Amino acid sequence: GTRVYASASGSSSVAGPIASAAPNATGDKFEITLTGSDTKYEIPIVSGLACAITEPTLEEGFWIVPTNTGATTSIDLKGEAVLISAPEGWTVTASIDNSNPTTLSVTPPNQDGAEGIIILQVHKGLHWAVDQIKVRSKKVITSWYQEFLAGTEIVVNDVTIKKGSADNKVVINGEEVDLNVTSITTDNNTGITADGLYFIEAGLDVAYSNTGTGNKILINDSPTGEKPVVTCSNNNFALEDANFLCKNVKLILEGNKEFLNVTNVASSVMFDGCYIDIPSTSPQCFLNTEKAVINDFYIRNSCFDIKRATSYYILNVKATTETNVVFPKVRVENSKFYSAAPLTDFRLVSVNNNNGNDKNIGVTTLSLKQNTFLDVSGRFNGMINGTIENAAVEKNIFYMKNAVANVTIFRVRGNLPDALTCTGNFSDNIGCIADTYTLKLWHGGTSPLDGAEDVTVLQESPFESLSEPNGMYVLKPKYQGYGATIE
């Protein structure tokens, strides 16, 4: 309920069960009137007795206390002694100073969401003054490596990573695998020369020269620190029946190799909060495959800075004799793709025109949600090729003011008229295109499913401000909620 404490002077008028509270005419008692009653109740005023917690900012009525630093707030304690009642696992200190305010110091247990009530009671003689505050802990992680060692589950997009039964064992999505674990710091930075799980110190520059094809997991050790930079020179990230997981890192591929090299199949490739630098010397494709696919390809909260001019394809299926080359799951969400080159032939999924429609090539499930494609323009032959069984295409911005031709987002083959058919949802996408050209979500004017909405082509820019070389922008208020929001 509402707190009231007695002191030598002052008055109060508060809402709730107490209608009014004020000293009487002689100043030796506090007169309290309850809401809905004319009866006055008297409490003695004890000079030199006080117990008051200065409330910090509250969330849902709770003082939120971080686990790594704890928190303090001012208190006014006057009297002979203070009694402290705290929830289990919380450390609370407070002291009396009859002349000046003092400090209440609180340290929570090392867990998220622990709640309780801290109660302070001060007495003077036979009289007591009491105050309390509700507290809730907020776990603050400073090192993913330390969390991993403590048994905490780490999530990269939706793949879980946890410490296994031994030092060289890691549990990935519930399956324990052999994998060495290394913390790379300034003191031991000799680069990455083998597969493994690497926790990399924030802001560190690390050379990547690994030629292994097994599991490779790169994690910024600091949840909030500057991204470490992993540079792969004259090499690429090779996978065979394995995972490549990246969390909050910057990846630079130098030289003239494709970024990914998949043999047979890759379990999952995940970019979570990453920055991927595609140099001008890069080949045309991020992944160039004839038959090998990635079971789960997921780009989330990430930026692709593509410096290669003219054309660039993320997932490319080249001319193949295979009849089934299908990516089971491709998800691109809350991410940016941009180029200062300019890039006038960009594709997320590309299928070589020589692969006829008699071949089953494409994606089973596609999620394309809240992304910004900034001056990475497709062409009439499609930004996403291949058959698709189910697609969710929502809240994207296709900003293609540098287009040199009409742009189609979905087209089964670049040289065939067949229309895409699938289940799912196409809605609430916006775009801009250079004058005289058209921008369409699908080829041929036939929507892929009933109720599908074509892209809304704007006659104005959706941006209040725009810095194209680095993909930074501020949306106009009416377009908030579209495209990627990455700080």
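Let's start with one rung of a ladder: Lys336 has Thr372 in strand S35 as its bridge partner. Keep in mind as we go that this is a predicted model. The rung belongs to a set of four bridges that join S33 to S35, and the two strands run parallel. On its other pairing, S35 is linked by three bridges to strand S37 (residues 397-400), again in parallel. Here Phe373 stands opposite Phe398 of S37.

S35 itself covers residues 372-376, and it's mostly covered: five of its five residues are buried. Take Thr372, which sits in this strand. Its relative accessibility is 1%, and because buried means under 20%, Thr372 counts as buried. What does Thr372 touch, once residues up to four places away in sequence are set aside? The list is Ser335, Lys336, Phe337, Ile397, Tyr473, Gly483 and Ala484. Ala484 deserves a second look, since its backbone nitrogen lies 3.0 Å from a polar atom of the Thr372 side chain.

Now for the greasy part. The largest nonpolar core has 79 residues, and those touching the most other members are Phe244, Leu251, Phe259, Phe271, Phe286, Phe297 and Phe426. Strand S33 (residues 336-351), which we met through its bridges to S35, gives this core its largest share, six residues. Apart from it lies another core of 21 residues, including Ala94, Ala114, Leu120 and Ile133.

Phe244 is a good place to zoom in. Beyond its neighbours within four places in sequence, Phe244 contacts Lys216, Leu218, Phe237, Leu239, Leu251, Phe259, Leu260, Ser268, Val269, Met270 and Phe271. Phe244 also belongs to an aromatic cluster made up of Tyr208, Phe237, Phe244, Phe259, Phe271, Phe286, Phe304, Phe337, Phe346, Phe373 and Phe398. So you'll find Phe373 and Phe398, the residues facing each other across S35 and S37, in that cluster too.

The structure holds 20 aromatic pairs. One of them is Phe271 with Phe304, an edge-to-face pair with 6.2 Å centre to centre and 90° between the planes. Phe271 is in strand S26 (residues 265-272) and Phe304 in strand S30 (residues 303-306), so the pair ties together parts that are 33 residues apart in sequence. Are these two rings' residues buried or exposed? Both Phe271 and Phe304 are buried.

For a contrast, try a loop residue. Glu201 lies between strand S18 (196-200) and strand S19 (205-208). With 29% relative accessibility, Glu201 counts as partly exposed. Its C-alpha atom is separated by 5.2 Å from that of Thr185, though the two residues are 16 apart along the chain. Leaving out residues up to four places away in sequence, Glu201 touches Ile184, Thr185, Thr186, Asn220, Asp221 and Pro228. With Thr186 there is a side-chain to side-chain polar contact, at 2.9 Å.

Last stop: an open sheet of four strands in the order S13-S14-S15-S16, paired antiparallel. Strand S13 (154-156) and strand S16 (175-178) are at the edges with a single partner strand each, so one side of each has no neighbour in the sheet. From one strand to the next, the twist averages 30°. S13 is joined to strand S14 (residues 159-163) by three bridges, running antiparallel. Within that pairing, Val156 has Val159 in S14 as its bridge partner.

Technical notes. Residues are numbered from 1 along each chain as its sequence is written. This is a predicted model: local features need pLDDT of at least 70, side-chain atom pairs count only at pLDDT 80 or more; totals for chains, interfaces and linings use all residues. Side-chain values use heavy atoms; hydrogens and water are left out. A nonpolar core is a set of buried Ala, Val, Leu, Ile, Met, Phe, Trp, Tyr and Cys residues joined through side-chain atoms within 4.5 Å. Buried means under 20% relative accessible area, exposed over 50%, partly exposed in between (1.4 Å probe, protein chains only). Contact means heavy atoms within 4.5 Å. Two strands pair if DSSP finds at least two bridges between them. A polar contact is a pair of N or O atoms within 3.5 Å; within protein, one must be able to donate a hydrogen and the other to accept it, and residues adjacent in sequence count only if both atoms are side-chain atoms. Axes are lines fitted to C-alpha atoms, for helices over the stretch in contact, and angles run from 0 to 180 degrees between N-to-C directions. Rings of Phe, Tyr and Trp (its six-membered ring) pair if their centres lie within 6.5 Å; planes under 30 degrees apart count as stacked, over 60 as edge-to-face and the rest as tilted.
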